[in-house]
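Please look over the sequence and the structure shown here before reading on. The paragraphs that follow lead through the pockets and the bound molecule step by step.

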Amino acid sequence: MQLTPPVLLCLEKLETSGYPAYVVGGCVRDALLGLTPHDYDMCTAATPDEICRIFSDYPLVHSGEKHGTIAVVIDHELYEITTFRTEGSYQDSRHPDWVRFVPHVEEDLSRRDFTVNAMAYSPTRGLSDPFGGQEDLKNHVLRAVGDPDLRFSEDALRILRGVRFSVRFRLTPEEKTEYAMQTRAGLMENLARERVFDELCKLLPLVSAADLLRFAPILTEVIPELAPSVGFDQRNPHHVYDVYTHIAHVTQAVPGDLTLRWAALLHDVGKPATFTLGEDGVGHFYGHEKVSAAMADSILRRLKAPTQLREQVVRLIELHMLWPSPDKKQIRRLMSKVDAETLDRLLTLQQADTAGKGTQAPADTQHFSQLLQLVHEIRAENACLTLKDLAVNGHDLISLGFRGKEIGQQLNRLLSMVLDETIPNEKEALLCALRQKQQK
Ligand code: ATP
Ligand code: MG
């Protein structure tokens, strides 16, 4: 396994001071898979005090010291070194109730969640793999370390982590692990919401439609609002799939961007609640975008999502049924209401939404390429889209004698005319229109 010079330096300094030291966890797994690790966690028999002494010539970060972690700063980068430890369960669902330092790496590995994450490597001591992680990686198996039931009861976030590792590395949960993931999923209700949200954000960009379908029973434990959509028959000729399967396809079809992935996952969450059956036997979901947006807002608030992300997701969901025709005036109007980034995301979501119906016709593809072409043209023209872009401003109106509310009303009227191309965005023409108005 290739290690970087600073990591080698840390391991060597610990070893020459008499303490066994290893890289551990994700980096070992990634290296065995032939991937380049994004960081290297180290573990050692040295206690935090001893680590501080050994690295006294370096800047140190002590914020994790209570849990046994000291970070050493080498060339402006942080290298985390953690004392071998075991830990108690997570009563507050955030941190273990207690940690106890232990002398052997095997004990440290036994507290870790999955066999593929429970390996350590040292250039001098070789691979430590007491639970068969290497073999499981080779066979594409996800297996909890020890008794899965117990491990998921200690910390239910491991269930969601399990989903993520399974998806990310194409690992199939071994039978007992899978059974415990399903049967213990209800325990995730007690987890700190931030932990669940962070984990979902790591998972969402990776999932395919098949993953979302496979892990629906687990996902609906953390987002119960999605449960009614599972298997919900849309009774609509435009839709091949039930609501949840449609959601899964749309989520897969949008890029890995978090805002888009969340918007796709929640865009139709309000459909079951708005279902009506027409006399012709066709299902409708009038106003589902509003209901879905409100539900997404409450889901993301509950999960303590950052405000900006929540607001962007809710806005996209609210807008997702607003289908512009490939008509320049209509698109210009839409562009005057929606900022460029939101519009790009909206069109991406709508494209995915169309594809996710399972009935996509070549006309749909053509429709979107026309829309994108027009958006491109309007942007290239540097068109006037907002009051800020108008060739007249409040001062001009005051000079003409307009006062109070009238100013805003007139500016909006002018913008509307410019958007519709009934008047050019030129100062003289706009002033002329204002004078005519005054004379009426
Ligand atoms: P990633 O590449 O996503 O960072 P990782 O395996 O490094 O993957 P981390 O969350 O960084 O995951 O955790 C580092 C290691 O700590 C894991 O490999 C695992 O051994 C252990 N670990 C992390 N969280 C838990 C947990 N909740 N329960 C048990 N072990 C855990
Ligand atoms: Mg990591």
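**Pockets and a ligand**

The lining of the second largest pocket is made up of four nonpolar, eight polar and four charged residues. This pocket, like everything else described here, belongs to a predicted model, and its volume comes to about 280 Å³. There are 16 residues along its lining, and those closest to its centre are Asn236, His239, Lys271, His288 and Met321.

The largest pocket can be described in the same terms, beginning with its volume of about 1,400 Å³. Its lining is formed by 45 residues, and the ones that lie nearest its centre are Asp41, Arg85, Arg111, Arg112 and Arg161. When these lining residues are sorted by class, 13 are nonpolar, eleven are polar and 21 are charged. Both helices and strands take part in this lining: at least two residues each are supplied by helix 2, helix 7 and helix 9 (193-203), and also by strand 2 (41-44), strand 4 (69-74), strand 5 (77-83) and strand 6 (85-87). Which of the helices and strands provides the largest share of the lining of the largest pocket? That share comes from helix 7, which contributes six residues.

With the pocket described, the next step is to ask what it holds. Ligand 1 sits in the largest pocket, where 16 residues surround the ligand, the closest being Arg29, His38, Asp155, Arg158 and Arg161. Arg161 therefore appears in two lists, if a residue is counted around the ligand when one of its heavy atoms lies within 4 Å, since Arg161 is among the closest residues to ligand 1 and also among those nearest the centre of the largest pocket. The shell around ligand 1 consists of one nonpolar, four polar and eleven charged residues. Helix 2 (26-32) and helix 7 (157-169) each give at least two residues to this shell, and helix 7 gives the most, with five.

Finally, individual atoms can be considered. An oxygen atom of ligand 1 lies 2.8 Å from an N or O atom in the side chain of Arg29, while a polar side-chain atom of Arg112 is 3.1 Å from an oxygen atom of the ligand. At Asn117, by contrast, the backbone is involved, with one of its polar atoms 2.9 Å from an oxygen atom of ligand 1. Taken alone, ligand 1 exposes 580 Å², and the protein buries 81% of that area.

Methods:
Residues are numbered from 1 along each chain as its sequence is written. Chains are lettered from A and ligands numbered from 1 in the order in which they are written. This is a predicted model: local features need pLDDT of at least 70, side-chain atom pairs count only at pLDDT 80 or more; totals for chains, interfaces and linings use all residues. Side-chain values use heavy atoms; hydrogens and water are left out. A polar contact is a pair of N or O atoms within 3.5 Å; within protein, one must be able to donate a hydrogen and the other to accept it, and residues adjacent in sequence count only if both atoms are side-chain atoms. Accessible areas come from the Shrake-Rupley method with a 1.4 Å probe; for residues, only the protein chains shown count as cover. On a 1 Å grid over the protein atoms alone, a cavity is a set of points where a 1.4 Å probe fits but cannot get out, and a pocket is an open set with protein on both sides within 12 Å along at least five of seven lines; lining residues have an atom within 4 Å of a point. A molecule sits in a cavity or pocket if more than half of its atoms lie within 2 Å of its grid points. Helices (H or I, at least four residues) and strands (E, at least two) are DSSP runs, numbered from the N terminus. Ala, Val, Leu, Ile, Met, Phe, Trp, Tyr, Cys and Pro count as nonpolar, Asp, Glu, Lys and Arg as charged, and the others, Gly among them, as polar. Grid points are joined across faces, edges and corners, and a volume is the space filled by probe spheres set on the points.
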